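Reader: I am new to this structure and would like a close look at one single part of it, with the surroundings explained afterwards. Please take the time to give each term its meaning as you go.

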Amino acid sequence: AVVSTQSTGTDNEVQDYIGMYFNLVSEEGGRVGRWFGMRCKNTTSSQWSYYIEGCTECNYNVQFLNNVPPDKVKHWIINKTSTHLNIVCNKVTVLNFNFATDSDPDKTDGKHIWSREAESGQIFFNVELLLIMQ
């Protein structure tokens, strides 16, 4: 699933976040949902943290995106493949998460679930639904 959205705040705002809920196809043909979210932690440094359900600790204060541009307008691209979750902001790759090698050691199910095909997804910005993909 590929999703593109644009944040047009007056600047980075603390606690601004973008989330993506993926509906993944299960081995039995059913659906299993998984959440990815990222949140602005520091407005002066454009520091954003992230959480990947089943792959990282359920805490936005542990994992951080790399080199998020400080631009006022941010164009985010979220791309999930069978092996990676890739996040690009204003043409800069800020996360290239490999489900098999970057998941926390105690999160053994994450790589197997996230490797499944995404049937659809929903993207959220500050708790408001922006887009439903199918």
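What is the relative accessibility of H84, and does this residue count as buried, partly exposed or exposed?

Author: H84 counts as partly exposed, because its relative accessibility is 22%, and buried means under 20% relative accessible area, exposed over 50%, and partly exposed in between, with a 1.4 Å probe and protein chains only. The model is predicted, so that local features need pLDDT of at least 70 and side-chain atom pairs count only at pLDDT 80 or more, while totals for chains, interfaces and linings use all residues. Residues are numbered from 1 along each chain as its sequence is written, and side-chain values use heavy atoms, with hydrogens and water left out.

H84 belongs to strand β7, which covers residues 84-89; strands (E, at least two residues) and helices (H or I, at least four) are DSSP runs numbered from the N terminus. Once its neighbours within four places in sequence are set aside, H84 is in contact with N79, N96, F97, N98 and F99, where contact means heavy atoms within 4.5 Å. The side chain of H84 also makes polar contacts, one with the side chain of T83 at 2.7 Å and one with the side chain of N98 at 3.5 Å. A polar contact is a pair of N or O atoms within 3.5 Å; within protein, one must be able to donate a hydrogen and the other to accept it, and residues adjacent in sequence count only if both atoms are side-chain atoms. K111 is 27 residues from H84 in sequence, and their C-alpha atoms are 9.3 Å apart.

Moving along the chain, K91 lies in the loop between β7 and β8 (92-98). K91 has a positive phi near 70 degrees although it is a residue other than glycine, and it counts as exposed at 83% relative accessibility. N67, in the loop between β5 (63-64) and β6 (74-80), likewise has a positive phi, near 60 degrees, and is exposed, with a relative accessible area of 63%.

The wider setting is a protein chain with two helices and 10 strands, and 44% of its 134 residues are buried. Strands β2 (residues 17-25) and β3 (residues 31-42) run antiparallel and are joined by nine bridges, while β3 and β4 (residues 47-52) pair in the antiparallel sense over six bridges; two strands pair if DSSP finds at least two bridges between them. In the first of these pairings, R31 in β3 is the bridge partner of V25, and in the second, F36 stands opposite I52 in β4.

F36 appears again in the interior: in the largest nonpolar core, which has 27 residues, F36 and W76 touch the most other members. Such a core is a set of buried Ala, Val, Leu, Ile, Met, Phe, Trp, Tyr and Cys residues joined through side-chain atoms within 4.5 Å. The elements giving two or more residues to this core are β2, β3, β4, β6, β7, β8, α2 (110-114) and β9 (118-125), and the strand that holds H84, β7, is therefore one of them. Apart from this core lies another, of five residues, among them Y17, W35, Y60 and F124.
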